[in-house]
Amino acid sequence: MWQTQLNVYKQHLATMRELGAVVVEKLDVAANLRALLDEIGSNEAIAMQAEFKLSINAYLADLVHSPVHSLADIIAFNKAHPVEERLKDFGQPDLIAAKSTNGIGPVERAAIRRLKELDANGLEKMMKEHQLDAIVAPNNAISSLLAIGGHPGIVVPAGYDEKGVPFGICFGGLQGYEPRLIEMAYAFEQATKVRRQPMFKP
């Protein structure tokens with residue numbers, strides 16, 4: 001499956017070049033990308049659990065017609081309705097972990113600060129140094145790199161595997177790049193005509 005996707009992506013890069021794009025391949029956002037993504041993931045988890053708890057509690061507190069008004073209420077509701085909420089399939093470890101946080105304290109502030117540093121010295125630096133209009137990657141491979149800086153990304157269909165399951169290609173950029181990313185994604189779709197009604201072959 002991965003080989004199929006790799007071949008399709010190579011074809012798409014060739015198409016982009018034919019259409020006049022200057023494609024710079026295999027730029028490294030970090031010396032050790034795997035280590036970078038691991039560090040992003042651990043800091044994201046710390047920050048998101050606290051920000052999620054604060055945000056969801058603030059949102060739910062103002063709801064008039066709702067059986068839940070806090071994160072604790074959501075957890076209790078799920079426990080009371082395990083079949084409907086599919087607890088056996090999904091559980092709620094993320095909700096429970098978020099509930100145990102105490103908001104944005106020293107640990108969370110340090111995690112947020114580190115994420116900003118990783119963004120400034122990684123994706124932002126690379127794109128500015130190479131004067132890139134966008135970065136392109138398979139599926140959601142760059143989602144974490146984009147998310148830590150609040151950068152935009154758009155995913156459009158790139159192809160289909162042997163069973164007809166679609167896979168995508170992501171165009172990402174820095175803050176304020178939304179118009180050009182939409183233009184690129186649209187031009188890509190018009191040039192490749194990949195999009196079709198999804199289907200699954202058992």
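Author: A helix crossing is left-handed if the near helix is turned anticlockwise from the far one by less than a right angle, and right-handed if clockwise. The model is predicted, so local features need pLDDT of at least 70 and side-chain atom pairs count only at pLDDT 80 or more, while totals for chains, interfaces and linings use all residues. Residues are numbered from 1 along each chain as its sequence is written, and side-chain values use heavy atoms, with hydrogens and water left out.

Reader: In which hand does α2 pass α6?
Author: Helices (H or I, at least four residues) and strands (E, at least two) are DSSP runs numbered from the N terminus. By the rule above, the crossing of α2 past α6 is left-handed.

Reader: Is α2 parallel, perpendicular or oblique to α6?
Author: The two helices pack with their axes 9 Å apart, at an angle of about 135°. Axes are lines fitted to C-alpha atoms, for helices over the stretch in contact, and angles run from 0 to 180 degrees between N-to-C directions. Angles under 35 degrees count as roughly parallel, over 145 as roughly antiparallel, 65 to 115 as roughly perpendicular and the rest as oblique. The angle of about 135° therefore makes α2, relative to α6, oblique.

Reader: What distance does α2 reach from its first C-alpha to its last?
Author: Helix α2 covers residues 33-61, which is 29 residues. The expected span (1.5 Å times one less than the number of residues) is 42 Å, and the model comes close to that with 40 Å.

Reader: Which helices are included in what covers the buried residues of α2?
Author: Buried means under 20% relative accessible area, exposed over 50%, and partly exposed in between (1.4 Å probe, protein chains only). The buried residues of α2 include Leu36, Ile40, Asn43, Ala47 and Ala50. Those five are also among the α2 residues that meet α6, where contact means heavy atoms within 4.5 Å. The cover of the buried residues includes α3, α5, α6 and α8.

Reader: Which residue forms a salt bridge with Glu39?
Author: A salt bridge is a side-chain nitrogen of Lys or Arg within 4 Å of a carboxyl oxygen of Asp or Glu. Glu39 lies in α2 and its partner in α6, 75 residues apart, and their closest N and O atoms are 2.6 Å apart. Glu39 is partly exposed at 28%, and the partner is partly exposed at 29%. That partner is Arg114.

Reader: Which residue is linked with Glu39 and Arg114 in a network of salt bridges?
Author: The whole structure holds seven salt bridges. Some of them join into a network in which Glu39 and Arg114 are linked with Glu117.

Reader: Is Asp89 buried or exposed?
Author: Asp89 forms a salt bridge with Arg86, with 2.9 Å between the closest N and O atoms. Arg86 has 44% relative accessibility and counts as partly exposed. At 52%, Asp89 counts as exposed.

Reader: Which residue does Glu189 meet in a salt bridge?
Author: The partner has 55% relative accessibility and counts as exposed. At 2.8 Å, N to O, the side chain of Glu189 meets that of Arg195.

Reader: Which residue in the loop between α7 and β1 has a positive phi?
Author: Most residues other than glycine have a negative phi. The residue asked for has a phi near 50° and is exposed at 71%. In the loop between α7 (123-129) and β1 (135-138) stands Gln131.

Reader: What is the phi of Lys193?
Author: Lys193 lies in the segment after α9 (178-192) and is exposed at 58%. Although Lys193 is not a glycine, its phi is positive, about 50°.
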